Amino acid sequence: MAASERNAFIIGTGSYLPEKVLTNADLEKMVDTSDEWITTRTGIKERRIAAPQEPTSLLASRAAQSALKDAGIGAEKIEMIIVGTFTGDMPMPATACLVQKNIGAPRAAAFDISAACSGFVYGLSVARSFVVSGSYDCILVIACEKLSSVTDWTDRDTCVLFGDGAGAAVVSSEGQGPRIIGDYLAADGSIYELLFMPGGGSLHPCSHDSVDQKLHFVKMLGSKVFKYAINSMVEAASTLIERHGLSAEDIRMLVPHQANMRIITEVGRHLGIPEERIHINVQKYGNMSAATTAVGMDEAIRSNDFTPGDKILVVAFGGGFTWGAVLLEW
Ligand code: ACO
């Protein structure tokens, strides 16, 4: 089949959320904060926290198994595994290689994508290109994050925001499910210091000093990130809407990155998409970085009665800065 005739379908999705729930009331006992502040400023009520014996690869493998079950295929059919994360089990090997071992996918190429909260959208876009080009037929895209392992639990500015989780999708050249009909990716490295984790790489290798300076935790200038978050998600979403000759009314469901309820509301307002057509789960899970849109897309697909022609727009932004969107059609 010629590349121009090939399609990329999402034939299965899945999620894994750790059991432990950390509520705003629990956080009130840890830092100087309140349920009222967290709820009104972010919309978050609770988040999930992985157990010490649950590394990111385990969260990812459980979400992957759920997606494979949903797709009705075995792991041996997977030819490539793409994992979006910045909290992998270790710097080397890639978390995707550990997932390959865990789920038993011996044929699969495996690599990670570092695009922070945009990791799922970046992963879906890369998978779509490999499938449409004809190089691969069946790719597992996973977004997973154990943010609790890089959170400074004494910093109220950040620790109330994050949670752990994983979501996955099987992208295939054939099968039942929504088709990825468009994608858009962007980045701006010039503002990376608004949201980053400075320690543990070649610039600040792990040392007593790097630990003392808390360089291994996420640092964020929240109010500045806020503005970029809205602008970048609106840009990505409206670019795809226009590129495909659509209007906001044509989007049956928007699945945005969930960092803050106020950001989600603003993005919907700018795009002209009302709240009943926006999938929202920030109240339950907080910001799970790349996993947020993966879990959101899985929930949206499972809980809605989509019919042929319905369009789902998944949009994200994150550290880097990176941002992007993918457009799906049933
Ligand atoms: N509890 C109580 N008070 C708090 C808390 C808290 N947890 N955190 C901050 N405050 C205080 C501040 O100290 C400040 O007090 P001051 O006025 O006396 O100085 C006041 O609340 C207001 O602080 P702001 O930072 O201006 O609050 P804002 O309304 O901007 O909300 C927030 C902060 C929630 C972080 C918001 O800016 C935001 O959501 N930004 C975007 C975050 C985001 O999208 N991150 C990207 C993804 S993360 C990733 O990629 C891993």
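Helices and strands in this text are DSSP runs, numbered from the N terminus. The model they are taken from is a predicted one.

Strand S4 is the starting point, and Ile82 is found in it. The relative accessible area of Ile82 is 0%, so this residue is buried. Setting aside residues up to four places away in sequence, Ile82 touches Phe111, Ile113, Gly123, Val126, Ala127, Ile139, Leu140, Val141 and Ile142. Ala229 lies 147 residues from Ile82 along the chain, and the C-alpha atoms of these two residues are separated by 24 Å.

Moving on along the chain, the loop between S4 and H4 contains Pro93. The peptide bond that joins Met92 to Pro93 is cis, with omega at about 5 degrees. In general, most peptide bonds are trans.

Helix H4 itself spans residues 95-103, and its buried residues are Thr95, Ala96, Leu98, Val99 and Ile103. These residues are on the same side of H4, because they cover an arc of only 155 degrees around the axis. The general background is that an α-helix has 3.6 residues a turn, so residues three or four places apart point the same way. What do the buried residues of H4 pack against? Their partners are helix H3 (56-71) and three strands: S4 (80-84), S5 (109-113) and S6 (138-146). After H4 comes Gly104, with a positive phi near 75 degrees.

The ligand is the next stop. There are 24 residues around the ligand, and those that come nearest are Thr33, Arg41, Cys117, Arg156 and Asn260. Three residues can be described by their distances to nitrogen atoms of the ligand. For Thr33, a polar side-chain atom lies 2.7 Å from a ligand nitrogen. For Arg156, the atom concerned is a backbone N or O, at 2.9 Å from a nitrogen atom of the ligand. For Asp157, a polar side-chain atom lies 3.3 Å from a ligand nitrogen. The ligand taken alone exposes 1000 Å², of which the protein buries 74%.

Which helices each supply at least two residues of the shell around the ligand? They are helix H2 (35-42), helix H6 (156-159), helix H8 (222-243) and helix H9 (261-271). H8 gives the most to this shell, with 4 residues. Sorted by class, the shell has 12 nonpolar, 7 polar and 5 charged residues.

Cys117, one of the residues that come nearest to the ligand, leads to another part of the chain. Cys117 is among the residues touched by Thr293, together with Phe120, Val255, Pro256, His257, Val314, Val315 and Ala316, when residues up to four places away in sequence are not counted. Thr293 is found in helix H11, residues 290-303. With a relative accessible area of 0%, Thr293 is buried.

Asn287 is also in contact with Cys117. Its place is the loop between helix H10 (282-285) and H11. Is Asn287 buried or exposed? The relative accessibility of Asn287 is 7%, so Asn287 counts as buried, the cut-off being under 20%. Leaving aside neighbours within four places in sequence, the contacts of Asn287 also include Leu147, Leu161, Phe162, Gly163, His257, Gln258, Ala259 and Thr292. With His257, the side chain of Asn287 makes a polar contact of 3.3 Å.

Some backbone angles remain to be described. The loop between H10 and H11 also holds Ser289. Although Ser289 is not a glycine, its phi is positive, about 55 degrees. Most residues other than glycine have a negative phi. Ser289 is buried, with a relative accessible area of 1%.

Lys214 is likewise not a glycine and has a positive phi of about 55 degrees. Its place is in the loop between helix H7 (208-212) and strand S10 (219-220). The relative accessible area of Lys214 is 32%, which means that Lys214 is partly exposed.

The last stop is the loop between strand S12 (311-318) and strand S13 (322-329), where Phe321 lies. The peptide bond from Gly320 to Phe321 is cis, and its omega is near -20 degrees.

How values were computed:
Residues are numbered from 1 along each chain as its sequence is written. This is a predicted model: local features need pLDDT of at least 70, side-chain atom pairs count only at pLDDT 80 or more; totals for chains, interfaces and linings use all residues. Side-chain values use heavy atoms; hydrogens and water are left out. Buried means under 20% relative accessible area, exposed over 50%, partly exposed in between (1.4 Å probe, protein chains only). The arc is that of the directions from the helix axis to the C-beta atoms. Contact means heavy atoms within 4.5 Å. A residue is near a molecule or strand if one of its heavy atoms lies within 4 Å of it. A polar contact is a pair of N or O atoms within 3.5 Å; within protein, one must be able to donate a hydrogen and the other to accept it, and residues adjacent in sequence count only if both atoms are side-chain atoms. Accessible areas come from the Shrake-Rupley method with a 1.4 Å probe; for residues, only the protein chains shown count as cover. Ala, Val, Leu, Ile, Met, Phe, Trp, Tyr, Cys and Pro count as nonpolar, Asp, Glu, Lys and Arg as charged, and the others, Gly among them, as polar.
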